[in-house]
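Grab a pencil and have a go at these short exercises. Try each task yourself before you read its solution.

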Amino acid sequence: MRINASHDGASKAVSDSRNELIMMSTPPETAKSPGEKGRLHPDRIESEILANERTFLAWVRTSIAVMSLGFIISRFSLWMREMSSGMSPAMHLRHTGISAALGEGIIGLGGVLTAFAAWRYHVVNRAIERAITVIVLTAAAVVIVYMVILANTA
């Protein structure tokens with residue numbers, strides 16, 4: 001922001017406060033540089049916790065949908081047998097096809113997705129807890145040092 005030389009100190013203070021406001025309204029990045037990927041910014045820990053929970057719930061919801069699809073596919077052969085016996089009682093299907101095995105495989109995939117979601121949730125949650133621990137311990141050390149310095153000067 002450009003300030004003319006004819007402006008007084010009050011207008012400079014106003015422009016400086018605008019710059020501060022712009023800088024404060026800019027959301028902090030989670031990483032300070034590309035080499036520090038995965039580092040949490042102290043001001044965003046709460047949002048990271050909530051985002052982690054939302055991601056976990058989305059994975060669980062997806063795995064439930066996949067398991068439901070697997071159940072429907074596995075029951076397709078049973079439905080085909082029922083339909084064929086309803087149309088022609090003399091006709092019997094002996095071979096169930098691959099729908100039962102395919103459906104069971106997809107149900108298993110849904111279970112694996114749930115296990116992966118739980119594992120990933122705990123990995124990210126531990127990283128968040130470590131960041132919180134470091135921040136709290138650093139704050140405690142700063143307060144202790146401040147109290148010692150204050151006690152020695154009094």
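The exercises below work through a predicted model.

**Exercise 1.** Work out how helix α2 runs relative to helix α4.

*Solution.* Start with the axes: those of α2 (residues 45–74) and α4 (residues 99–153) come within 7 Å and cross at roughly 175°. Angles over 145 degrees count as roughly antiparallel, so α2 is roughly antiparallel to α4. Now sort the residues of this contact: 22 are nonpolar, 10 polar and 3 charged.

**Exercise 2.** Check whether the end-to-end distance of α4 agrees with its expected span.

*Solution.* Helix α4 has 55 residues, and at 1.5 Å a residue it should span 81 Å. The expected span uses one less than the number of residues. Next, look at the end C-alpha atoms of α4: they are 81 Å apart, so the two values agree.

**Exercise 3.** Classify the ring pair of W59 and F116, then find out what it ties together.

*Solution.* First, the geometry: the ring centres of W59 and F116 are 5.5 Å apart and the planes sit at 75°. Plane angles over 60 degrees count as edge-to-face, so that's what this pair is. Second, the location: W59 belongs to helix α2 and F116 to helix α4, so the pair ties together parts 57 residues apart in sequence.

**Exercise 4.** Follow the rings onward from F116 to W119.

*Solution.* F116 and W119 form a tilted aromatic pair, with 5.8 Å centre to centre and 35° between the planes. Both residues lie in α4, 3 residues apart, which is about one turn of the helix. Put the steps together and you get a cluster of W59, F116 and W119, linked by ring pairs.

Methods
Residues are numbered from 1 along each chain as its sequence is written. This is a predicted model: local features need pLDDT of at least 70, side-chain atom pairs count only at pLDDT 80 or more; totals for chains, interfaces and linings use all residues. Side-chain values use heavy atoms; hydrogens and water are left out. Axes are lines fitted to C-alpha atoms, for helices over the stretch in contact, and angles run from 0 to 180 degrees between N-to-C directions. Helices (H or I, at least four residues) and strands (E, at least two) are DSSP runs, numbered from the N terminus. Angles under 35 degrees count as roughly parallel, over 145 as roughly antiparallel, 65 to 115 as roughly perpendicular and the rest as oblique. Ala, Val, Leu, Ile, Met, Phe, Trp, Tyr, Cys and Pro count as nonpolar, Asp, Glu, Lys and Arg as charged, and the others, Gly among them, as polar. Rings of Phe, Tyr and Trp (its six-membered ring) pair if their centres lie within 6.5 Å; planes under 30 degrees apart count as stacked, over 60 as edge-to-face and the rest as tilted.
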